Amino acid sequence: MFPTHRPRRLRNHPQLRRMVREHVLTTSDLIYPLFAVPGDAIAKEVRSMPGVFQLSIDKIVEEAKEVYDLGIPAIILFGIPADKDVDATDAWHECGIVQKATTAVKKAVPDLIVINDTCLCEYTPHGHCGYLEVGDLTGRVLNDPTLELLKKTAVAQANAGADIIAPSGMMDGFVSAIREGLDAAGFEDIPILSYAAKYASAYYGPFRDAAESAPQFGDRRTYQMDPGNAREAIKEIELDIAEGADMLMVKPALSYMDIIHQVKAATNLPVAAYNVSGEYSMIKAAALNGWVDEEKIVLETLTSFKRAGADLILTYHAKDAARWLGA
């Protein structure tokens, strides 16, 4: 007796495998994060993220042009200000670092989509995502006063030319507050990509080097999600949808593909996965040591996010991935 069903029949030829592939990664899926700093001609490599740099605005523009030429449709901008204060002034001031970078990129590469991370941790001296009680040393952010700062920040970013606002602080009601602020300022057509299910993850470590945003005390567990929770993610996305979110993000991606899958099943909105700094740095370190094939493992990892349900992938691998996909 020989088998009637032979799945290997569809694996015999590379072109046949390509024809029946269920999930396909393309450059259109990718979003490239960039870190803007004050100054000129600055390209400072992040110690814990080989190949990732803090860039002055002139260098950000050069990167944006390269990203666009590679066929990547979007970048997301983070900022490291010259000065920090408890009111996170540089986050919402018209001359803030992200606002200036956004305007410069949109002038140089108008067809590139510019997403602005709308958060406050990079701009406060304590490294938390909003206002704290005077004397607080735990990092418990005051939710409702912080919403006003986020609203001001989103409007300033929209004024600077941002195409998409991406609030990441996990404050209760932040989507509603930002939608209200944008609409009142005449930006009703600007979409919100909400960091809807953002976990309090150890995978963020290298990012905090890049963004200089590590908490100076306490941690972010009072506002970011507990890694053990899945049902709570669905509650969070339902609230954000009701408040007017246009797209939803799960962060991190690699250890949370079950959450990506559940979120995708629960909504018809586009779902983004953030392939975060720790995930990037683990692969980079292994590749630099010759332990893994970087191209193969990166493309396999990014494809796995697509298979889990992600429509968009924010990744520091984006430029390399675009080159490999185009090869």
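A residue is called buried when its relative accessible area is under 20%. In this predicted model, Cys-129 has a relative accessibility of 1% and therefore counts as buried. Cys-129 belongs to the loop that runs between β5 (113-118) and α5 (143-160). Its C-alpha atom is separated by 8.7 Å from that of Met-170, a residue 41 positions away along the chain.

Leu-10 may be set beside this cysteine. Leu-10 is found in the segment before α1 (14-19), and its relative accessible area of 46% makes it partly exposed. Together with Met-19 and Val-20, Leu-10 makes a nonpolar surface patch of about 310 Å².

The packing of helices comes next. Two packed helices are described by the angle between their axes and the distance between the axes. For helix α2 (residues 57-69) and helix α4 (residues 97-108), the angle is about 45° and the axes lie 9 Å apart. Because of that angle, α2 is oblique to α4. The crossing in which α2 passes α4 is right-handed.

Helix α2 also takes part in the salt bridges, of which a search of the whole structure finds 16. Glu-63 pairs with Lys-319, and their closest N and O atoms are 3.0 Å apart. Since Glu-63 lies in helix α2 and Lys-319 in helix α12 (residues 318-326), this pair ties together parts that are 256 residues apart in sequence. Both Glu-63 and Lys-319 are buried.

A further salt bridge joins the side chains of Arg-47 and Asp-209, with an N to O distance of 3.1 Å. This pair, too, links distant parts of the chain: Arg-47 sits in the loop between β2 (43-45) and β3 (53-56), Asp-209 sits in helix α7 (residues 205-211), and their positions lie 162 residues apart. Arg-47 counts as exposed because its relative accessibility is 70%, whereas Asp-209, at 32%, counts as partly exposed.

The salt bridge between Asp-183 and Arg-179, whose closest N and O atoms are 3.0 Å apart, is found within a single helix. Both residues lie in helix α6 (residues 174-184), four residues apart, which is about one turn of the helix. With a relative accessibility of 37%, Asp-183 counts as partly exposed; Arg-179 has a value of 12% and so counts as buried. Elsewhere, salt bridges that share partners join Glu-63, Glu-66, Lys-284, Glu-294, Lys-319, Asp-320 and Arg-323 into one network.

Technical notes
Residues are numbered from 1 along each chain as its sequence is written. This is a predicted model: local features need pLDDT of at least 70, side-chain atom pairs count only at pLDDT 80 or more; totals for chains, interfaces and linings use all residues. Side-chain values use heavy atoms; hydrogens and water are left out. Patches are made of residues with over 30% relative accessible area and no salt bridge: like charges are joined within 9 Å, nonpolar side chains (Val, Leu, Ile, Met, Phe, Trp, Tyr) within 5 Å. Accessible areas come from the Shrake-Rupley method with a 1.4 Å probe; for residues, only the protein chains shown count as cover. A salt bridge is a side-chain nitrogen of Lys or Arg within 4 Å of a carboxyl oxygen of Asp or Glu. Helices (H or I, at least four residues) and strands (E, at least two) are DSSP runs, numbered from the N terminus. Buried means under 20% relative accessible area, exposed over 50%, partly exposed in between (1.4 Å probe, protein chains only). Axes are lines fitted to C-alpha atoms, for helices over the stretch in contact, and angles run from 0 to 180 degrees between N-to-C directions. Angles under 35 degrees count as roughly parallel, over 145 as roughly antiparallel, 65 to 115 as roughly perpendicular and the rest as oblique. A crossing is left-handed if the near helix is turned anticlockwise from the far one by less than a right angle, and right-handed if clockwise.
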